[in-house]
Amino acid sequence: MTAPTTSTYLDPLSAVTDMIQKSGIAPDVIPELPIFRPTVLLSASWGDGAIRTSLGNTLLAEQTKSAPLLAFSTTEADPDPHASYTLAITDPDAPRRGDAIWGPWRHWLVTGIKALAPGASTLFDVTSAGAREVTPYVGPSPPPQTGLHRYVLLLFKEPPSYSAPELGNSIEERKNWNAIAFAEREGLRLVGANFFYVEG
C-alpha cells in the first residue's frame, strides 16, 4: 500500500488528518477526529533514516524490530522551548483487523521527550535525550495470514511538571490499551500522528 507524499498536499497537516480518516485510524484509535488538530509533523525512521514512516507506507517487520529514531517539528507560531512530549505506538489490529480482540496493543510508550529545538525536524534517539521508556519497545510481529496491521504513532504534549505513572508491560498488560483514554486521564494533548503498515 502506497501513501501519498505530503508534497501532494498544500498543507502537510491536512495530509495527516486525511490519511488518518482514510485508513480508519479515526475512529478506531482516535475516536472523534474533529477534536484532533495536529500542530506537529511527526515521523519515525529506522536504518539511520533510510526507512521512514510516511502516512501509511508498508514496511517489513525485520526493518522495524529495533526502536526507531524520531523527527518532529511544531507548526505553532510561538512554540514553547520547554515543552515535553509523550509518544505511544500501538497496533489496533491485533491479532487481525476486523477481529482485534487484543487491540490496541501497546508497542512503545516514552515520556519526557524534548524536541532538539522548536521547529526543528532532525532525527534523534528519544531514549538518549533524557526521556523515560515507560514501556520498552517491541517491534511489529503480526501473526501470519492476518493481513496488514496498522502501527499508529501518537505524539502528546505533556502538562508542566508531568510525571508518568508506572504501567505493567507483560503481554496481558499491553493488550487492549487505549492511548486516547490514557491521555485524557493524564492530561495529555494529542498534537501529532503518523502510521505505517506491516503485513502479517
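Two strands are said to pair if DSSP finds at least two bridges between them. In the predicted model described here, strand 5 (85-91) and strand 6 (105-113) meet this condition, since they run antiparallel and are joined by 6 bridges. Within this part of the structure, Tyr85 stands opposite Ile113 of strand 6. Strand 6 also pairs with strand 7, again in the antiparallel sense, over 3 bridges. Here Leu109 is the residue that stands opposite Thr135 of strand 7. Strand 6 is mostly covered, with 8 of its 9 residues buried. Another strand residue, Leu70, has its place in strand 4 (residues 69-74). Leu70 counts as buried because its relative accessibility is 0%, the limit for a buried residue being under 20%. The C-alpha atom of Leu70 is separated by 9.5 Å from that of Arg52, and the two residues are 18 residues apart along the chain.

The charged side chains were examined next. A search of the whole structure finds 5 salt bridges. One of these joins Lys22 and Asp18, with a distance of 3.2 Å from N to O. Both residues belong to helix 1 (residues 12-22), and because they are 4 residues apart there, about one helical turn separates them. Lys22 counts as exposed because its relative accessibility is 60%, and the exposed class begins over 50%.

A second salt bridge is formed by the side chains of Asp93 and Arg150, at 2.6 Å from N to O. This pair links distant parts of the chain, for Asp93 lies in the loop between strand 5 and strand 6, Arg150 lies in strand 8 (residues 148-157), and the two are 57 residues apart. Asp93 counts as buried, with a relative accessibility of 1%. Arg150 is buried as well, its relative accessible area being 1%. Leaving aside residues up to four places away in sequence, Asp93 touches Ala100, Leu148, His149 and Arg150.

A third salt bridge connects Glu166 with Arg132, and the closest N and O atoms of this pair are 2.7 Å apart. Glu166 is located in the loop between strand 8 and helix 3 (171-174), whereas Arg132 is in strand 7 (residues 132-135), so the salt bridge ties together parts that are 34 residues apart in sequence. Glu166 is exposed, with a relative accessible area of 66%, while Arg132 counts as partly exposed at 31% relative accessibility. Salt bridges that share partners also join Asp28, Asp93 and Arg150 into one network.

Helix 4 (residues 179-186) has a buried side made up of Ala179, Ile180, Phe182 and Ala183. Seen down the helix axis, these buried residues fall within an arc of 160°, and they therefore line one face of helix 4. The face turned away from this buried side carries the exposed residues Glu184 and Arg185. The buried residues of helix 4 pack against strand 5, strand 6, strand 8 and strand 9 (189-199). At the N-terminal end, helix 4 is capped by Asn178, a side-chain oxygen of which lies 3.0 Å from the backbone nitrogen of Ile180. Just after helix 4, Gly187 takes a positive phi of about 75°.

The buried nonpolar residues were then considered as groups. The largest nonpolar core contains 28 residues, and Ile20, Ile30, Leu154 and Phe156 touch the most other members. Two or more residues of this core come from each of helix 1, helix 2 (25-28), strand 8, helix 4 and strand 9. The surroundings of Ile30 give a view of this arrangement. When residues up to four places away in sequence are not counted, Ile30 touches Ile20, Ile25, Phe36, Leu154, Ile180 and Leu190. A second core, separate from the largest one, has 25 residues, among them Ile89, Ile113, Val126 and Val198. Ile113 is also the residue of strand 6 that Tyr85 stands opposite.

Methods: Residues numbered from 1 in each chain as written. Predicted model: local features only at pLDDT ≥ 70, side-chain atom pairs only at ≥ 80, totals over all residues. Heavy atoms only, no water. Salt bridge = Lys/Arg side-chain N within 4 Å of Asp/Glu carboxyl O. Buried < 20%, exposed > 50% of the residue type's maximum accessible area, 1.4 Å probe, protein only. Arc of directions from axis to C-beta. Contact = heavy atoms within 4.5 Å. Polar contact = N/O pair within 3.5 Å; in protein donor to acceptor, adjacent residues only side chain to side chain. Core = buried A, V, L, I, M, F, W, Y, C linked by side-chain atoms within 4.5 Å.
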